[in-house]
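Colleague: I am new to this structure and would like a close look at one part of it, the strands and what lies beside them. Could you take me through that part slowly, explaining the terms as you go?

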Amino acid sequence: RKPVTINTIQSLYRKKEPITMITAHDFPSAHVADHAGMDIVLVGDSLAMVALGMDDTSEVRLDEMILHCRSVARATTGAFTVGDMPMGSYEISPEQALESAIRIIKEGRVKAVKLEGGKEVAPTIAKITSAGIPVLAHVGLTPQRQNALGGFRVQGKNVASALKLLEDAKAVQEAGAFAMVVEAVPAEVAALVTQQLKVPTIGIGAGNGCSGQVLVQIDMLGNFPPGRFLPKFVKKYGNVWGESMKAIQAYKAEVKSREYPAPEHTYPMPKEEYEEFAR
Ligand code: KIV
Ligand code: NA
């Protein structure tokens with residue numbers, strides 16, 4: 001298919017066609033997302049938790065994000081790829097942010113970067129976009145700031161908080177973000193904010209009034225053990241954990257019973273050769 005560019009995303013937005021986005025963290029997860037026709041593939045720092053087993057996203061480093069970006073970028077020939085800027089790689093100054101963004105593009109081989117925050121990161125977004133690097137903003141619930149927010153909490157639930165969200169959304173738009181993720185916000189607030197903007201909103205836990213949607217792939221595939229906590233907004237479209245479990249258990253049983261490997265999985269040797277060898 002024709003590679004998705006920033007222009008494709010703008011054209012979807014103008015046509016009011018929902019923009020589809022999903023996370024990927026390595027070559028196979030990016031491959032399937034690309035083949036399924038996702039418009040945008042995000043190398044989210046959520047990979048810290050879902051792929052690397054870390055407690056939260058603050059632990060993952062820039063060089064680690066870059067490694068994952070590079071493996072995803074090798075698989076995404078159609079989708080537009082975005083790499084998350086990890087905590088610590090952009091907060092100190094717009095210069096630090098631009099340096100990190102350049103590394104994500106040059107070494108990670110993705111097409112754009114994403115960073116979290118509202119009004120306070122506007123100068124940072126302006127600096128990065130001035131270098132010709134597209135920025136996807138991220139407002140509402142910003143998981144890298146979970147300690148300051150008091151956990152993963154829904155944002156914009158009262159007038160003051162909803163007004164702050166609107167102000168943040170306008171600020172990152174003015175700073176040059178090509179779109180923004182809006183996370184964990186009441187649907188009607190996200191819809192009104194979307195109407196007030198000239199760039200697309202990509203919702204996660206923000207209702208269907210956004211310009212597009214994003215989910216964490218491991219979550220929506222159901223690739224986690226039973227009983228794990230899932231945020232309310234996650235819809236489980238698959239049962240990859242169950243499929244993997246069945247396959248690995250079948251393999252285990254067949255190894256134990258010597259049913260596997262069968263003759264068709266085995267390399268032959270001419271009988272005379274073997275007889276001489278075994279003598
Ligand atoms: O890290 C991530 O996966 C994200 C998406 C949920 C937007 O930031
Ligand atoms: Na993220």
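Modeller: In strand β3 (residues 80-84), F80, V82 and D84 point one way while T81 and G83 point the other way, and every one of them is buried (20 or more other C-beta atoms lie within 10 Å of the residue's own, with C-beta atoms placed from the backbone). In a regular strand, side chains take turns between the two faces of the sheet. Since five of the five residues of β3 are buried, the strand is largely enclosed by the rest of the structure. Strands here are DSSP runs of E with at least two residues, numbered from the N terminus.

Please keep in mind that this is a predicted model, in which local features need pLDDT of at least 70 and side-chain atom pairs count only at pLDDT 80 or more, while totals for chains, interfaces and linings use all residues. Residues are numbered from 1 along each chain as its sequence is written, and chains are lettered from A and ligands numbered from 1 in the order in which they are written.

β3 has strand partners, where pairing requires that DSSP finds at least two bridges between two strands. One partner is strand β2 (residues 40-43), which runs parallel to β3 and is joined to it by four bridges; within this pairing, V41 has T81 of β3 as its bridge partner. Another is strand β4 (residues 112-116), which pairs with β3 in the parallel sense over three bridges, and here V82 stands opposite A112 of β4.

A further parallel pairing is that of strand β6 (residues 179-183) with strand β7 (residues 201-204), which are joined by four bridges, and in which V181 is matched with I202 of β7. In β7, T201 and G203 point one way and I202 and I204 the other way, and here too all are buried.

Residues from these strands reappear beside ligand 1. D84, named above as part of β3, is among the residues around ligand 1, and so are V181, the bridge partner of I202, and I204 of β7. The others around the ligand are T23, L42, G44, D45, S46, V214 and V216, a residue being near when its C-beta atom, placed from the backbone, lies within 6 Å. By class, this shell holds five nonpolar, three polar and two charged residues, where Ala, Val, Leu, Ile, Met, Phe, Trp, Tyr, Cys and Pro count as nonpolar, Asp, Glu, Lys and Arg as charged, and the others, Gly among them, as polar.

How values were computed
Buried ≥ 20, exposed ≤ 12 C-beta atoms within 10 Å, placed from the backbone.
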